[in-house]
Amino acid sequence: MDNDPLRAAVAAHPILDTVGDLARLLSQLPQDMALTLDEQVRVDPSEPGQLYAVTPRLIGMVDTDTMGKTTGLELGQVCVPAYEDPAAQAAAVTARESLVPESVLARAKVRIESGDVQAGLKDVSALLREVGYLLGESAKWLAQGDPNAATLGVEADRIGHACARITQLANTVEVPE
């Protein structure tokens with residue numbers, strides 16, 4: 001299948017703001033084209049004031065009938081700069097591949113697996129900090145004097161100490177090139 005018309009159709013609809021936008025895009029694609037959703041919201045953490053945008057892209061998929069490679073449509077969410085002109089927002093969408101997931105856990109995984117260990121460890125530390133906070137909050141709901149409340153508090157403190165150590169490691173760890 002020639003992908004040039006498919007690429008042109010997707011390129012003409014970089015951001016899908018309405019159901020009508022999606023319908024216009026789908027009307028230009030084969031009815032039997034595979035469809036999937038990106039599991040992660042993509043975001044540029046350095047960009048303040050972002051809005052969610054639904055974005056299409058073509059991806060390689062496996063045809064379950066023939067077990068061969070086919071082209072599919074993936075819909076994803078990307079945070080684009082707010083209050084920008086549409087061209088600037090569309091440019092942000094084209095950088096979707098390089099954007100990190102919004103979820104701290106997914107972001108840590110992507111960064112560590114790509115070799116950005118320092119940033120990945122900082123994400124792990126942030127995630128653990130959230131876990132420790134939730135343990136402490138859970139303890140508040142238990143009956144006063146319940147030994148489990150004290151235990152949860154101790155575990156929350158341990159996690160806090162682990163976060164501090166991991167953050168220190170993240171600042172000093174060196175990955176060989």
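Trainee: Which strand is joined to strand 1 (residues 34-43) by six bridges?

Mentor: Happy to start there, and keep in mind that this is a predicted model. Leucine 35 has leucine 73 as its bridge partner, and threonine 36 has glutamate 74. Six bridges link strand 1 in the parallel sense to its neighbour, strand 3.

Trainee: What is the order of the strands in the open sheet?

Mentor: Strands of a sheet pair through backbone hydrogen bonds, either parallel or antiparallel. Here the pairing is mixed: strand 1 and strand 3 run parallel, while strand 1 and strand 4 run antiparallel. The four strands make an open sheet in the order 2-3-1-4.

Trainee: Which strands stand at the edges?

Mentor: Think about who has a neighbour on one side only. An edge strand here has a single partner strand, so one of its sides is left without a neighbour in the sheet. That is the case for strand 2 and strand 4 (100-101).

Trainee: Which residue in strand 4 stands opposite valine 43?

Mentor: Look at the place where strand 1 meets strand 4, which are joined by two bridges. There, the residue opposite valine 43 is valine 100.

Trainee: How many bridges pair strand 2 (residues 50-62) with strand 3 (residues 69-81)?

Mentor: These two strands form a hairpin with six residues between them, and methionine 67 in the turn has a positive phi of about 60 degrees. Across the pair, arginine 57 stands opposite glutamate 74. The pairing is antiparallel, and its bridges number 13.

Trainee: Now the helices: are helix 4 (residues 104-113) and helix 5 roughly parallel or antiparallel?

Mentor: Their axes come within 8 Å and cross at roughly 155 degrees. The crossing is left-handed. Angles over 145 degrees count as roughly antiparallel, so helix 4 and helix 5 are roughly antiparallel.

Trainee: At what angle do helix 5 (residues 117-140) and helix 6 (residues 147-172) pack?

Mentor: Helix 5 and helix 6 have their axes 8 Å apart, and their crossing is left-handed. Their contact has 13 nonpolar, seven polar and three charged residues. Helix 5 is roughly antiparallel to helix 6 because of the packing angle, which is about 165 degrees.

Trainee: What is the volume of the second largest pocket?

Mentor: Rolling a probe the size of a water molecule over the atoms shows where empty space is left. Ten residues line the second largest pocket, with Asp32, Met33, Ala34, Thr70 and Thr71 nearest its centre. By class, the lining has five nonpolar, three polar and two charged residues. The volume of this pocket is about 150 Å³.

Conventions:
Residues numbered from 1 in each chain as written. Predicted model: local features only at pLDDT ≥ 70, side-chain atom pairs only at ≥ 80, totals over all residues. Heavy atoms only, no water. Axes fitted to C-alpha atoms, helices over the stretch in contact; angles between N-to-C directions. Parallel < 35°, antiparallel > 145°, perpendicular 65-115°, else oblique. Left-handed = near helix turned anticlockwise from the far one by under 90°. Nonpolar A, V, L, I, M, F, W, Y, C, P; charged D, E, K, R; others polar. 1 Å grid on protein atoms, 1.4 Å probe; cavity = no way out; pocket = protein on both sides within 12 Å on 5 of 7 lines; lining within 4 Å. Points joined across faces, edges and corners; volume = space filled by probe spheres on them. Pairing = 2+ DSSP bridges.
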